[in-house]
Amino acid sequence: MDADLSLDEAIALADRAADEEESAQGAAEVSPPRQETEDLLTGYVNRICADATLWDNDPKIVARHTHLAQCLLDLGMKKESRDLTNTTIRRMERAESDAIVYTEAELWNHLGALLADQGDLTGARATLVCALGRAHQDESQERYETRERAAILANLSEASLQMNDLEAADFWADKVLAELRRPWEPDLTARLAADRVKLAIARTRHDAKALESSLARFEESVQLFVEREGSQALRALDAQIALASARQESHPDGQHIAELEYLHATTHATLGPEHRETIIAQAALAAAEFDAVDGWEGSGEPKDAPRMTAAIKALEAARNYAVESPDLGQGHPQTRILRDALADMHAAAKSADPPLSELGNLYDYHLEKVYLPHESDARNSAKQQALARESDEIRLIAHAGASYFLKEIDLFYGPVVDALQRNVHFKVVISSPWSTLAAFLPGNPTADPGNYGNIDELVRRSDYYQKAFRPVVRSYRRLKKRYPDHVELRVTPLDIPGSTLLTTDVGFFEPYITSNPGRRTRRGMSVFEVEFRKDSQYHPDSLEEFNTQWELSSTWDEFEANEKEHIETLRAEMQAHGYVRDREKVRRGEVPRP
């Protein structure tokens, strides 16, 4: 076959490779060889993405490119699938710069679902909203025959759930169910998706009444879907796994664990151990086994230790498969769910009495993301999403915390207030203005270099004190008055090497490159910031450091009551180092730099 494939040839090659892979279940002998197939498909994608003159804006051609991107994803060629999908959307946007070209809601819906499968949930939701708009337009022009609305709404609901936006997921699921009341044959796939979302929301919210009703409806949806598609269809298997897991959680019973064992054996035998559905089945079975011996509560009997250990090992294996899977990968939302569940399992097992001794160390020093200064917006967005997801406690160590307390900075104050309104606790440690960092505030070069009697005035006149510390304290007092049991600020005399934000599932750390208090606050990122999840050793290490700082810091009331002593301590410390002010560069005001 010629190296420069046509679109038809690329689709035919991808379809054949997918069929051979499914029938051979990963066997090596396929024709042409798998590597040659991937090279040919990669070459096609690179050419079509690089050369705009090869692009055809015909909606039918665009739909075929979307199909090819899905085939590439099914083959595990995630990069090529993402590249082709992003190029497709970018060129569709340009084609519609003057007029609407792609009127079919189905095309936009397929693209949105594809983005969700690739793990780009934000892009998926935006594309699906566009699809919904096209569906409305179709209806208004009386040429809406595909009944695509229910499918779009279902995809929106599932994407919102994966983003942990329960309110939006619930809203879109209700819209699906309302849509299915229209007088035509119901879309069983959309109903299955909506009922599954409703069930997941009830489980997350621990709403017993909603759980009973949503579980009954989901059971009915699964039965109808299996009757139509067969029990071995991928979506049917996925639904049966979810149903058995929900049944076990709602009404623990060995029968439900047996169902999960059967489903895991089925997926393992028919799809192979590395398939996405097999990984999900193995993880669900491991969670059910752990729950069956009260592992989540850390109250399992010593005799159950082998079963708990086996469950953890099984989930570890599922996590490893997911991380290495071409369909999932380290950062995929489904993989993150497994990683978080495994971290919770380890934490529960170690808190058991007695703790499980046979477990290895779950954690390594893994970073999820490193943000550089030009990626500040992405960093801010990630933090805002972490704050929005939190349902228990937010912990912050920062020099002043202005980004979290000052509304006018417009970064994290809003998400913090939203969290407080959800009864989330907000615990903060900031640096005292009377620490020895005051030495780094620019002084008056004409003053007596040995006189530190007015160090408090120097601090109080500084921009750091006037524009960061005092406004933060005023904001804290207002929040404390509104949420007295949910927000607490403490002050440490120790130098803080960087800002740390910790939620239940994720953490962020930004080191300070300067000791000048005025250059640590109310400024953009100047070094870098790292993000890590709770299955990284950085998370428990950071939590331990926070707890240490918290216990060694003054409450605000204690700080205010002893502030004069703090100032006198600073004066004495600075006086002991008075000779530093005699140095030529310090006297001239060259050091410290403003």
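Is N423 buried, exposed or partly exposed? In this predicted model, N423 has a relative accessible area of 49%. Because buried means under 20% and exposed means over 50%, N423 counts as partly exposed. The residue lies in the loop between α18 (413-421) and β3. Its backbone deserves attention as well, for the phi of N423 is near 70 degrees, a positive value in a residue other than glycine. Most residues other than glycine have a negative phi.

H206 also has a positive phi, of about 55 degrees, although H206 is not a glycine. This residue is placed in the loop between α9 (188-205) and α10 (208-229). With a relative accessible area of 70%, H206 is exposed.

From these two loops the view may be widened to the whole protein. It has 24 helices and eight strands. Of its 594 residues, 48% are buried. Among the contacts with a separation of 6 or more, 71% are between residues 24 or more positions apart.

The strands may be taken next. An open sheet of eight strands, with mixed pairing, follows the order β1-β7-β6-β5-β2-β3-β4-β8. At its edges are β1 (369-371) and β8 (554-555), each of which pairs on one side only. Strands of a sheet pair through backbone hydrogen bonds, either parallel or antiparallel. At one end of the order, β8 pairs with strand β4 (residues 487-492) in the antiparallel sense, over two bridges. Here R490 stands opposite T555 in β8.

A helix accompanies this sheet. Helix α21 (residues 538-551) packs on the sheet and touches β2 (393-398), β3 (425-431), β4, β5 (498-502), β6 (506-511) and β7 (529-533). The direction of α21 makes about 70 degrees with that of β3.

Within the sheet, β5 is a useful strand to follow. On one side, three bridges join β5 to β2, and these two strands run antiparallel. L396 stands opposite L501 in β5. β5 also pairs with β6, in the antiparallel sense and over five bridges. In that pairing, L502 has G507 in β6 as its bridge partner. β5 and β6 form a hairpin, with three residues between them.

How is β5 placed with respect to the rest of the structure? Five of the five residues of β5 are buried, so this strand is largely enclosed by the rest of the structure. In a regular strand the side chains alternate between the two faces of the sheet. In β5, G498, T500 and L502 are on one side, while S499 and L501 are on the other. These residues are all buried, and both faces of β5 are covered.

The helices offer further examples of packing. The axes of helix α5 (residues 105-118) and helix α7 (residues 149-162) come within 10 Å and cross at roughly 20 degrees. Since angles under 35 degrees count as roughly parallel, α5 and α7 are therefore roughly parallel to each other. Their crossing is left-handed. Where they meet, A105, N109 and A113 in α5 face A151, I152 and N155 in α7 as contact partners. By class, this contact has four nonpolar, two polar and no charged residues.

Two individual helix residues complete the picture. I89 is placed in helix α4 (residues 78-95), and it is buried, with a relative accessible area of 12%. Beyond residues up to four places away in sequence, I89 touches L111, L115 and T127. The C-alpha atoms of I89 and T66, which are 23 residues apart along the chain, are separated by 9.6 Å.

The second residue, N380, has its place in helix α16 (residues 376-389). Is N380 buried or exposed? Its relative accessible area is 9%, and N380 is therefore buried. Leaving aside residues up to four places away in sequence, N380 touches L411 and F412.

Conventions. Residues are numbered from 1 along each chain as its sequence is written. This is a predicted model: local features need pLDDT of at least 70, side-chain atom pairs count only at pLDDT 80 or more; totals for chains, interfaces and linings use all residues. Side-chain values use heavy atoms; hydrogens and water are left out. Axes are lines fitted to C-alpha atoms, for helices over the stretch in contact, and angles run from 0 to 180 degrees between N-to-C directions. Helices (H or I, at least four residues) and strands (E, at least two) are DSSP runs, numbered from the N terminus. Angles under 35 degrees count as roughly parallel, over 145 as roughly antiparallel, 65 to 115 as roughly perpendicular and the rest as oblique. A crossing is left-handed if the near helix is turned anticlockwise from the far one by less than a right angle, and right-handed if clockwise. Contact means heavy atoms within 4.5 Å. Ala, Val, Leu, Ile, Met, Phe, Trp, Tyr, Cys and Pro count as nonpolar, Asp, Glu, Lys and Arg as charged, and the others, Gly among them, as polar. Buried means under 20% relative accessible area, exposed over 50%, partly exposed in between (1.4 Å probe, protein chains only). Two strands pair if DSSP finds at least two bridges between them.
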